[in-house]
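Notebook open, coffee poured. I want to go through the charged pairs first and then see what else turns up.

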Amino acid sequence: MRLALYRVLRRFGLVTLGILIVACSPQFDWRTIKNDAQGYSAMFPSKPQLIERSINYQQTSLKQTLEFAKVNEDVFAVMTTQIPATIATQVTMVEKMLQNTLLQQVPTTQFNLVKDATSRIGSADQTKQVAQDFYLDLAQNKKVMRVRWLIRPAANDSVNLYQISVIRTGQSSQLEPLLNQENISIFFDEFRPN
C-alpha cells in the first residue's frame, strides 16, 4: 500500500515539476524599450529589431523606422514616420496615404472594424490622446491585424506619425477576440509617445 502511494505521489510530483518548468519558460518576455530618437517608449514581448527606410510623399523623402518583435507567428511593431516641418500641416494626408497603402495589400477596401481607444502620452499620470483602433482581416495570408495611428509633435516643428500594430494568425470570425487578448492590450496600452 505504501509503495503504491509513494508511486502516485512521485508521479504527481514529476508532473507538477514539469508544469512548473514549462511555466518558468515564458513565451512573452516583456521589456520596456525607450526609443529617444523616435520619441517613444513601448513594451515589447521580446527583444525588438530595428529597420530604417525612406518613402516618398509628393516631392519629399520621409524617414521611416520600424521597431518590431516577433513571438511565434505574432508580430508586434511600432513604425515611426518623421514628417519634416516644411510639410507638417499635411500629416493627416500622410496618415491617409499609409492607411490606403495598407488597404491595397488586402482584398478589401475598408477596415473590418473600427473601435475608439485612448493612448497615454508621456508618463502614466499625463494626458490621454483619443485614437481609433482599426481591425483588418488579411484573409489571403490567414492573418488578422490591429493597428493604431498617433500624431505627436517632435523637435524643430516636425511631427512624428506612429503606427502601432499587431499581426496574428487567425480568421475574420476571430478578429476581435484574437486582437483584444491581454498580451495585445498590454502592447497597445503601454505605448507612450513623449
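I started with Asp29, which counts as partly exposed at 42% relative accessibility. This is a predicted model, so I kept that in mind throughout. Asp29 has a salt bridge to Arg31, with N to O at 2.6 Å. I looked up Arg31 as well: its relative accessible area is 27%, so it is partly exposed because the cut-off for buried is under 20%.

Next pair: Asp36 and Lys34. Their closest N and O atoms are 3.6 Å apart, and that makes a salt bridge. Are the two partners buried or exposed? Asp36 is exposed, at 55% relative accessible area. Lys34 is exposed too, at 57%.

Then I checked Glu176 and Lys115, whose side chains meet in a salt bridge at 2.8 Å, N to O. This one links distant parts of the chain: Glu176 sits in helix α3 (residues 175–179) and Lys115 in strand β6 (residues 113–120), 61 residues apart. For Glu176 I noted 33% relative accessibility, which counts as partly exposed. Lys115 is also partly exposed, with 30%.

I also found a network of salt bridges that links Asp133, Arg146 and Arg148. In total, the structure holds nine salt bridges.

Now the odd one. Which side chain of opposite charge is nearest to Glu67? It is Arg31, 9.8 Å away, and Glu67 is buried with no salt bridge. The general idea is that side chains of opposite charge can pair when their charged atoms come close. For Glu67 and Arg31, 9.8 Å is no salt bridge, because the cut-off is within 4 Å. What I did find for Glu67, which is in strand β4, is a polar contact of 2.5 Å between its side chain and that of Tyr40.

Pocket check. The largest pocket has about 560 Å³ of space. I listed its lining: 21 residues, with Arg53, Met79, Leu102, Gln105 and Gln163 the closest to the centre. The elements that give two or more residues to the lining are β3 (49–57), β4 (60–71), β5 (74–83), α2 (91–104) and β9 (159–169). By type, the lining has 13 nonpolar residues, seven polar and one charged.

Last, the overall layout. I counted up the secondary structure and got four helices and 10 strands. Along the sequence the pattern reads α-β-β-β-β-β-α-β-β-β-β-α-α-β. Of the chain's 194 residues, 42% count as buried.

How values were computed
Residues numbered from 1 in each chain as written. Predicted model: local features only at pLDDT ≥ 70, side-chain atom pairs only at ≥ 80, totals over all residues. Heavy atoms only, no water. 1 Å grid on protein atoms, 1.4 Å probe; cavity = no way out; pocket = protein on both sides within 12 Å on 5 of 7 lines; lining within 4 Å. Points joined across faces, edges and corners; volume = space filled by probe spheres on them. Nonpolar A, V, L, I, M, F, W, Y, C, P; charged D, E, K, R; others polar. Buried < 20%, exposed > 50% of the residue type's maximum accessible area, 1.4 Å probe, protein only. Lys, Arg positive; Asp, Glu negative; His and termini not counted. Polar contact = N/O pair within 3.5 Å; in protein donor to acceptor, adjacent residues only side chain to side chain.
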